[in-house]
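Let's take a walk through this fold together. Have the sequence and the coordinates open, and we'll go from the overall architecture down to single side chains.

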Amino acid sequence: MFTGIIEEIGVINKISSKNEAMELSIATEKIMEDINLGDSIAINGVCLTVTGFNATSFTVDVMPETFRATTMMKLAVGSKVNLERALAVGGRM
């Protein structure tokens, strides 16, 4: 579940093809503090799953239908994106 409150602005630092999907790498700071594989993060309002991360960025896969049905197709390297982590159990709304 998401609150709709943007936590941070990230920057797309890499876009690549991954089979039929698109892989995005997003540079960020605050969200990196407690990120885990499999976390759900809303990117410009689109819920995506963390597939990898390092000290400064995380990656997500964008499936073809998500790419076609959302604004993900408008993203480019350097694009700023709104980031919001899923609400933690017991978190305040």
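What follows starts with the sheet, moves to the core, and then turns to the charged pairs and a few individual residues.

One thing to keep in mind from the start is that this is a predicted model. So which strands make up the barrel, and in what order? Trace them around and you get β1-β2-β5-β4-β3-β6, six strands that close into a barrel with antiparallel pairing. On average, neighbouring strands of this sheet are turned by 45° against each other, direction ignored. As a general reminder, strands of a sheet pair through backbone hydrogen bonds, in either a parallel or an antiparallel sense.

For a closer look at one pairing, pick β1 and β2. These two strands run antiparallel and share seven bridges. Within this part of the sheet, you'll find Ile15 standing opposite Leu24 in β2.

Leu24 is also a handy way into the interior. The largest nonpolar core counts 19 residues, and Leu24 is listed among those with the most contacts inside it, along with Ile26, Ile41, Ile43, Phe58, Met72 and Leu83. Several strands chip in here: β2, β3, β4, β5 (residues 57-62) and β6 each supply at least two residues of this core. In soluble globular proteins, nonpolar side chains tend to be buried together.

Which residues does Ile26 touch, once its neighbours within four places in sequence are left aside? Ile26 is in contact with Gly10, Val11, Ile12 and Asn13, among others. Its contacts also include Ile43, Thr56, Ser57 and Phe58, as well as Val81 and Leu83. Of these partners, Ile43, Phe58 and Leu83 are also named among the core residues with the most contacts.

Now for the charges. How many salt bridges does the model have? The count comes to three. Start at Arg85, which forms a salt bridge with Glu7, with 2.6 Å between the closest N and O atoms. Arg85 sits in strand β6 (residues 80-85) while Glu7 belongs to the segment before β1 (8-18), so this pair ties together parts that are 78 residues apart in sequence. Glu7 itself is partly exposed, at 27% relative accessible area.

Arg85 has a salt bridge with Asp34 as well, and here too the closest N and O atoms are 2.6 Å apart. This pair links distant parts of the chain: Asp34 is in the loop between β2 (21-27) and β3 (40-43), 51 residues away from Arg85 in strand β6. Asp34 is partly exposed, with a relative accessible area of 46%. Put the pieces together and Glu7, Asp34 and Arg85 are linked in a network of salt bridges.

While you're at Arg85, have a look at Gly4, which is found in the segment before β1. Gly4 and Arg85 are 81 residues apart in sequence, yet their C-alpha atoms are 9.6 Å apart in space. Gly4 is exposed, its relative accessible area being 58%.

The remaining salt bridge is a local affair, joining the side chains of Glu65 and Arg68 at 3.2 Å, N to O. Both residues lie in helix α1 (residues 64-69), three residues apart, or about one turn of the helix. Arg68 is exposed, with a relative accessible area of 53%.

Last stop: Asn44, in the loop between β3 and β4 (46-53). Asn44 isn't a glycine, but its phi is positive all the same, at about 50°. Asn44 is partly exposed, with 29% relative accessible area.

Definitions and conventions
Residues are numbered from 1 along each chain as its sequence is written. This is a predicted model: local features need pLDDT of at least 70, side-chain atom pairs count only at pLDDT 80 or more; totals for chains, interfaces and linings use all residues. Side-chain values use heavy atoms; hydrogens and water are left out. A salt bridge is a side-chain nitrogen of Lys or Arg within 4 Å of a carboxyl oxygen of Asp or Glu. Helices (H or I, at least four residues) and strands (E, at least two) are DSSP runs, numbered from the N terminus. Buried means under 20% relative accessible area, exposed over 50%, partly exposed in between (1.4 Å probe, protein chains only). Two strands pair if DSSP finds at least two bridges between them. Axes are lines fitted to C-alpha atoms, for helices over the stretch in contact, and angles run from 0 to 180 degrees between N-to-C directions. A nonpolar core is a set of buried Ala, Val, Leu, Ile, Met, Phe, Trp, Tyr and Cys residues joined through side-chain atoms within 4.5 Å. Contact means heavy atoms within 4.5 Å.
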